[in-house]
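Let's take a walk through this one, starting at the ligand and then moving out to a few residues elsewhere in the chain. Have the viewer open as you read.

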Amino acid sequence: MSNRVLIIGASRGLGLGLAKAFHAQGWSVTATVRDRQKAGELAATGVELQTVDIDQLDSVEALAGQLAGRQFEVIFINAGVAGPSHHNPSQASETEIGQLFLTNAFAPVRLAERLLPQLADKGTLVFMSSILGSIAMGAGNGMPIYGASKAALNHLVRGMYKGMAESGITFLLMHPGWVKTEMGGPEAPLDVPTSAQGMVEQITRTLGQGGLSFLDYQGKPLPW
Ligand SMILES: NC(=O)c1ccc[n+]([C@@H]2O[C@H](COP(=O)([O-])OP(=O)(O)OC[C@H]3O[C@@H](n4cnc5c(N)ncnc54)[C@H](OP(=O)(O)O)[C@@H]3O)[C@@H](O)[C@H]2O)c1
């Protein structure tokens, strides 16, 4: 039987690239979108489609219901947002800050905890982080509110891992590189297939190893 992966947030960008890259490697791929009307390119790949908005508890419950009784070797929570375009902590409204931290930090961890029954024995939970979430390297490199939300994600995932260190689950926080997507912009040096292929290689290499790592798409460990 081929390995199974569930990718959360695959309508476009890196999530779509990951769905294609896993599919090309022979994995059985289930991938989610928020809106089926926008799933054209993903649907064309032939992978199984599900829907979820990770911010909405009822939507998360509906997905968990759809997947009840099924398991995946890898669950990859990729969904994320850039936050307000001004990137200025002093200008950000309560709504902007709340939305960003909900989508990038709290909703991924809440979803991962809800989907634990869907993770196969010694499976891998991957969270899409960013080098900008590294306290040591990210601060001062632009997008401070976004970086803070990814630092919060890293913190929450470390906490989740510490509570489950004996579980055999492999926890990965991935930095995809700076990639040409709607979020990354056209000036980014990397294309989606290169980053996605690299992440699939790192996930495959660490399958079943357990532990917690913060890695880039080439497997380089990043400082917290
Ligand atoms: N591009 C980069 O250089 C870069 C670098 C470091 C980290 N990242 C991270 O990589 C991930 C993917 O980024 P990207 O560059 O591919 O961005 P993107 O092109 O803007 O795609 C973002 C994806 O997240 C989904 N999404 C957003 N909010 C969601 C929600 N509440 N529920 C479910 N899905 C949601 C979007 O779905 P819709 O189509 O429905 O909006 C879309 O599929 C993000 O976590 C981002 O922070 C990107």
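Which helices each supply at least two residues of the shell around the ligand? They are helix H1 (13-24) and helix H5 (144-163); helices here are DSSP runs of H or I with at least four residues, strands are E runs of at least two, and both are numbered from the N terminus. Before going on, bear in mind that this is a predicted model, where local features need pLDDT of at least 70, side-chain atom pairs count only at pLDDT 80 or more, and totals for chains, interfaces and linings use all residues. Residues are numbered from 1 along each chain as its sequence is written, and side-chain values use heavy atoms, with hydrogens and water left out.

Back to the ligand. It is surrounded by 29 residues, counting those with a heavy atom within 4 Å of it. Ser11, Leu14, Arg34, Tyr146 and Thr181 are the closest. Sorted by class, the shell holds eleven nonpolar, twelve polar and six charged residues, where Ala, Val, Leu, Ile, Met, Phe, Trp, Tyr, Cys and Pro are nonpolar, Asp, Glu, Lys and Arg are charged, and the others, Gly among them, are polar.

Now look at the ligand's oxygen atoms. An N or O atom in the side chain of Arg12 sits 2.8 Å from one ligand oxygen, and for the side chain of Lys150 the distance to a ligand oxygen is 3.0 Å. Asn78 joins in with its backbone, placing an N or O atom 2.8 Å from an oxygen atom of the ligand. On its own the ligand would expose 900 Å², and the protein buries 95% of that (Shrake-Rupley areas, 1.4 Å probe).

Away from the ligand, try Gln118, in the loop between helix H4 (94-114) and strand S5 (119-128). Gln118 is buried, at 5% relative accessible area; buried means under 20%, exposed over 50%, and partly exposed in between, with a 1.4 Å probe and protein chains only. The Gln118 side chain reaches the backbone oxygen of Leu67 at 3.3 Å. Val179 is buried too, at 4%, in the loop between strand S6 (170-175) and helix H6 (192-205).

Finally, check two backbone angles. Lys122, in strand S5, has a positive phi of about 55° although it isn't a glycine. Met143, in the loop between S5 and H5, is not a glycine either, yet its phi is positive at about 50°. Lys122 is partly exposed at 48%, and Met143 is partly exposed at 24%.

Conventions
A polar contact is a pair of N or O atoms within 3.5 Å; within protein, one must be able to donate a hydrogen and the other to accept it, and residues adjacent in sequence count only if both atoms are side-chain atoms.
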